[in-house]
Amino acid sequence: MMKLIALAAIIFSHGILFFPNPDSNTYITGLTPVQRQSIYDFKVPALDGDSIDFAAFNGKKILIVNTASKCGFTPQYEGLEQLYQQYKDRLVVIGFPCNNFLSQEPGSNEKIKAFCTKNYGVSFPMAAKISVKGKNMAPVYRWLCNKSENGVMDAKVTWNFNKFLLDEKGNIIAWFPSKVTPMSADITDKL
C-alpha cells in the first residue's frame, strides 16, 4: 500500500495525471491546465486548391465522410448532396476522398472534382485526397478516431463512406458505417 501511495505522489508531482475538466475543453495535468485540440483548430486543403477552415462551421453540425469514386457506396454522393441542400442552414457536409480501400479513389484532385460535379452535382465542401487510416492517417482523421484526442470516442474507419457527425460545438455525437445512407433517420433524427 505504501508503494502505491509513493508512486501516486511521484506521478502527481511530475504532472503526469490527467483529469478531465467538465467545465471546459481542457485537461488538468497535475495543477496545469492543458488545452485539448478541437475540430475548429483544423484547416485542410480543399479539392479545388483552396482550404477548408473548420472554425467557419462553429454553430453548425458537421457530417464528415470519407469518399471514393469507384465504390459500391459511391451513389451516396447523391444523398450527401440532398442532405446538405435540405439542412444547410444548420449542417455542413465535408467529403474527404481517400484511396485506402481497394484503390477505389485512384484519381487526382482535379479528376475527383470533375467526377463529383458531373455525376452528382456536389456543392458541399470537398477536401483534397487524404489517407484515413494507417501510418499516413491525416491529422483530422487521427483526431476523429482517437478518444485521447477528441475526448469522446475511439473509432475505426472500416470502409469508404463512413460518417462522423459532430454537434454545433464540435463534439462527436455519432459514427455511422457505410451502409447508413445520408438521408436515413439514423442521421436526420440527430439534425
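This report describes the sheet, selected helices, the cysteines and three loop residues of a predicted model.

**Sheet and helices**

The model contains an open sheet of 4 strands with mixed pairing, and the strand order is β7-β6-β8-β9. The edge positions are held by β7 and β9 (172-176); each has a single partner strand, so one side of each is left without a neighbour in the sheet. From one strand to the next, the twist averages 15°. Within this sheet, strand β6 (residues 61-67) pairs with β7 in the parallel sense, and the pairing extends over 7 bridges. In the register of these strands, Lys 61 stands opposite Leu 91 in β7.

Helix α2 (residues 76-87) lies across β6, β7 and β8. Relative to β7, helix α2 runs at about 155°. Helix α3 has 12 residues, which at 1.5 Å a residue should span 16 Å; the end C-alpha atoms of α3 are 16 Å apart, so the two values agree.

**Cysteines**

How many disulfides does a search of the whole structure find? The search finds 0 disulfides. For Cys 71, the nearest cysteine sulfur is that of Cys 98, at 9.1 Å. A disulfide requires sulfur atoms within 2.5 Å, and therefore Cys 71 is in no disulfide with Cys 98 at that separation. Cys 71 is nevertheless buried, with a relative accessible area of 9%. Cys 116 is also buried, at 2% relative accessibility.

**Three loop residues**

The accessibility classes of the three loop residues are set out below, together with the loop in which each is placed.

| Residue | Loop | Relative accessible area | Class |
|---|---|---|---|
| Gln 104 | between β7 (91-97) and α3 | 13% | buried |
| Gly 121 | between α3 (109-120) and α4 (139-145) | 39% | partly exposed |
| Ala 155 | between α5 (147-150) and β8 (163-166) | 16% | buried |

Gln 104 is classed as buried because its relative accessible area is 13%, under the 20% limit for that class. What does the side chain of Gln 104 make a polar contact with? The partner is the side chain of Asn 160, at 2.7 Å. Beyond residues up to four places away in sequence, Gln 104 touches Ala 68, Ser 69, Lys 70, Cys 71, Asn 99, Trp 159 and Asn 160. The buried Cys 71 is thus one of the residues that Gln 104 touches.

Gly 121 follows α3 and has a positive phi, near 60°. At 39% relative accessible area, Gly 121 is partly exposed. Leaving aside residues up to four places away in sequence, Gly 121 touches Glu 81 and Cys 116. Glu 81 is 40 residues from Gly 121 along the chain, yet their C-alpha atoms are separated by 7.5 Å. The other residue touched, Cys 116, is buried.

Ala 155 counts as buried, with 16% relative accessibility. Which residues does Ala 155 touch, not counting those up to four places away in sequence? They are Leu 144, Cys 145, Phe 164 and Trp 175. Ala 155 and Phe 176 are 21 residues apart in sequence, and the distance between their C-alpha atoms is 9.9 Å.

Methods:
Residues numbered from 1 in each chain as written. Predicted model: local features only at pLDDT ≥ 70, side-chain atom pairs only at ≥ 80, totals over all residues. Heavy atoms only, no water. Buried < 20%, exposed > 50% of the residue type's maximum accessible area, 1.4 Å probe, protein only. Helix = DSSP H or I, 4+ residues; strand = E, 2+ residues; numbered from the N terminus. Contact = heavy atoms within 4.5 Å. Polar contact = N/O pair within 3.5 Å; in protein donor to acceptor, adjacent residues only side chain to side chain. Pairing = 2+ DSSP bridges. Axes fitted to C-alpha atoms, helices over the stretch in contact; angles between N-to-C directions. Expected span 1.5 Å × (residues − 1).
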